[in-house]
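Q: I'd like to go through this one with you, starting from the basics. Can you show me what we are looking at?

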Amino acid sequence: SVKAAADQILVLEGLTSVEPKTKTMYEILGRLAGEQSRLILLPSKDADYERIASAVHNLTSTKLLLAAYINIRDLLTYDKIILPLESVDVITSHLG
């Protein structure tokens, strides 16, 4: 709730349609979060996950995680939480 109050949670549509290029992802994440560290939560490990994983694997201040594996340590470690709308449903069903 502290991150939400500080506008540090970004719920997006269309994040999964990004091309799998680090430069492209760097530019998108730069516009969304600036130079802050970022945690990206995706709903499932599918083709979209693999595409985004290949785009962010060289970005040092960015971590990719499945929404079902959300944990307090990562939520507190990263400055911005970025997730597609579908991830909200996964988190809600996972945490009850």
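A: A word on terms before anything else: helices (H or I, at least four residues) and strands (E, at least two) are DSSP runs, numbered from the N terminus. With that in hand, A5 can be placed in helix α1, which covers residues 2–5.

Q: Where do the numbers and cut-offs come from?
A: Residues are numbered from 1 along each chain as its sequence is written, and side-chain values use heavy atoms, with hydrogens and water left out. The model is predicted, so local features need pLDDT of at least 70 and side-chain atom pairs count only at pLDDT 80 or more, while totals for chains, interfaces and linings use all residues.

Q: OK, how many helices and strands are there in the protein chain?
A: The protein chain has 5 helices and 4 strands, and along the sequence they follow the pattern α-β-α-β-α-β-α-β-α. The radius of gyration, taken over C-alpha atoms, is 12 Å, close to the 12 Å from the globule rule for 96 residues, so the chain is as compact as a globular protein of that length. That rule is 2.2 Å times the number of residues to the power 0.38.

Q: And what box do the C-alpha atoms fill?
A: Taken along the principal axes, the C-alpha atoms of the protein chain fill a box of roughly 35 × 30 × 20 Å.

Q: What share of the residues counts as buried?
A: Of the 96 residues, 39% count as buried, where buried means under 20% relative accessible area, exposed means over 50%, and partly exposed lies in between (1.4 Å probe, protein chains only).

Q: What about contacts between residues at least 6 apart in sequence?
A: Among those contacts, 73% join residues at least 24 apart, with contact meaning heavy atoms within 4.5 Å.

Q: Let's move to the strands. Which ones are joined by bridges to β4?
A: Strand β1 (residues 9–12) and strand β4 (residues 80–84) run parallel and are joined by 4 bridges, while β2 and β4 pair in the parallel sense over 3 bridges. Two strands are said to pair if DSSP finds at least two bridges between them.

Q: Which residues stand opposite each other there?
A: Between β1 and β4, L10 has I82 as its bridge partner, and V11 stands opposite L83. On the β2 side, R38 has K80 in β4 as its bridge partner.

Q: And what joins β2 to β3?
A: Strand β2 (residues 38–42) runs parallel to β3, and 5 bridges join the two; L41, for instance, stands opposite L65 in β3.

Q: Is β3 enclosed or open?
A: Strand β3, residues 62–66, is largely enclosed by the rest of the structure, because 4 of its 5 residues are buried.

Q: How covered is β4, and which way do its residues point?
A: Strand β4 is mostly covered, with 5 of its 5 residues buried. K80, I82 and P84 point one way from the strand, and I81 and L83 point the other way. In a regular strand, the side chains alternate between the two faces of the sheet.

Q: What are the two faces of β1 like?
A: Strand β1 has a covered face made of L10 and L12, and an uncovered one made of I9 and V11. I9 is partly exposed, with a relative accessible area of 37%, and, leaving aside neighbours within four places in sequence, I9 is in contact with K3, A4, I81 and L83.

Q: Switching to helices, what does S54 touch?
A: S54 lies in helix α3, which covers residues 47–56, and is partly exposed, with a relative accessible area of 30%. Not counting residues up to four places away in sequence, S54 touches P20 and T22. The C-alpha atoms of S54 and T22 are separated by 7.4 Å, although these residues are 32 apart along the chain.

Q: Back to A5, is that residue buried or exposed?
A: A5 is exposed, with a relative accessible area of 66%. The C-alpha atoms of A5 and S17, which are 12 residues apart along the chain, are separated by 28 Å.

Q: Last one: where is R73 found, and how accessible is that residue?
A: R73 is found in helix α4, residues 72–77, and counts as exposed at 65% relative accessibility. From C-alpha to C-alpha, R73 and L15 are 24 Å apart in space, with their positions 58 residues apart in sequence.
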